[in-house]
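New to this one? Have a look at the chain first, and then we'll walk through it topic by topic.

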Amino acid sequence: MVDRTPTGRALVRKSAEQRHDDEARFLRNWLKNPLRMGAVTPSGPVLARRMAGYVDPAGAGPVIELGPGTGPVTAALVERGVDPARLVLVEYSAEFCRLLRERFPKATVVHGDAYTLGRTLAGKLSAPADAVVSGLPLVTRPEPVRIKLLHEAFGLMKPGAPFIQFTYAVVSPVPLKGADFAAEPSDRVWRNIPPARVWVYRRGS
């Protein structure tokens, strides 16, 4: 049933305005540093929900999000049932950090570099993480940097916990040759613009 009341119309209008504002913020930050942003628009809701679907909302440990931007995946995690107080959001843009603190006041927002994850989160986790969800443009970084990030993330997580990464590429954004971890791709998310795929990596036993 569609809500056609004045309140319902106002909410739709506010949502559309927020999406427009977020897209403008994203584009502005992309123009400043395209290699760090990787995309000119935030992740779409279908892709965000797909990524959040790999996270267990019943867990008790932290859920780390890398490069949350304006928070579409963060919102999908909360919608899935993840307690916002479990969220640790690592964001490089000071503007996005301010926005995230407004939108998710219970989350821990860390202004820092996700590519030096161990140092950035030193002393900030209360327990091993249940998951790491990444919106970073990994394919713009050299392969050794990608592998280092993944292993740093594994070091902060519980055994078997997922590292969840989306990509627009047709292959894994983390090299798989000689890998000491398991990797599982989703089907292609055609309803995202551009189409994307989610890869889930888990530390080998």
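At the heart of this briefing is an open sheet of seven strands, ordered S3-S2-S1-S4-S5-S7-S6, with mixed pairing. Strands S3 (108-111) and S6 stand at the edges with a single partner strand each, so each has one side left without a neighbour in the sheet. From one strand to the next, the twist averages 20°. Keep in mind that this is a predicted model.

**The chain at a glance**

- You'll find seven helices and seven strands here.
- Starting from the N terminus, the elements run α-α-α-β-α-β-α-β-α-β-α-β-β-β.
- The chain has 205 residues, and 45% of them count as buried.
- Take the contacts between residues at least 6 apart in sequence: 66% of them join residues at least 24 apart.

**How far to trust the model**

- The average pLDDT of the chain is 87, and 79% of the residues score at least 70.
- Residues 7-12 are a stretch to treat separately, as pLDDT stays under 50 there. For those residues, the model has three contacts beyond four places in sequence.

**Strand S4 and its neighbours**

- Strand S4 covers residues 131-134, with Ala-131 and Val-133 pointing one way and Val-132 and Ser-134 the other. Are these four buried or exposed? All of them are buried.
- With strand S1 (residues 63-66), S4 pairs in the parallel sense over four bridges. Among the bridge partners, Glu-65 goes with Val-133, and Leu-66 goes with Ser-134.
- S4 also pairs in the parallel sense with strand S5 (residues 163-167), this time over three bridges. Here Val-132 has Phe-163 as its bridge partner.
- To get from S4 to S5, the chain passes through helix H7 (residues 143-156), and this β-α-β crossover is right-handed.

**A helix on the sheet**

- To return to the whole sheet, its order is S3-S2-S1-S4-S5-S7-S6, and its twist averages 20° from one strand to the next. Helix H5 (residues 94-103) packs on the sheet, where it touches strand S2 (87-91) and S3. The direction of H5 makes about 170° with that of S3.

**Nonpolar cores**

- The largest nonpolar core has 26 residues. Which of them have the most contacts inside it? They are Met-51, Val-55 and Leu-77.
- Helix H3 (45-52), helix H4 (72-80), S2, H5, S4, S5 and S7 each supply at least two residues of this core. The largest share, five residues, comes from H3.
- Apart from this core lies another one, of 25 residues, including Ala-129, Val-174, Trp-199 and Tyr-201.
- As background, nonpolar side chains tend to be buried together in soluble globular proteins.
- For a closer look at Leu-77, check what it touches beyond four places in sequence: Ala-52, Val-55, Val-63, Glu-65, Val-82 and Leu-87.

**A cis peptide bond**

- Where does Pro-194 lie? Pro-194 is in the loop between strand S6 (181-185) and strand S7 (197-203).
- The peptide bond from Ile-193 to Pro-194 is cis, with omega near -5°.
- For context, most peptide bonds are trans.

Conventions. Residues are numbered from 1 along each chain as its sequence is written. This is a predicted model: local features need pLDDT of at least 70, side-chain atom pairs count only at pLDDT 80 or more; totals for chains, interfaces and linings use all residues. Side-chain values use heavy atoms; hydrogens and water are left out. Buried means under 20% relative accessible area, exposed over 50%, partly exposed in between (1.4 Å probe, protein chains only). Two strands pair if DSSP finds at least two bridges between them. A crossover is right-handed if, with the strands pointing away from the viewer, the path from the first strand over the helix to the second runs clockwise. Axes are lines fitted to C-alpha atoms, for helices over the stretch in contact, and angles run from 0 to 180 degrees between N-to-C directions. Contact means heavy atoms within 4.5 Å. pLDDT is the predictor's confidence in each residue, from 0 to 100. A nonpolar core is a set of buried Ala, Val, Leu, Ile, Met, Phe, Trp, Tyr and Cys residues joined through side-chain atoms within 4.5 Å.
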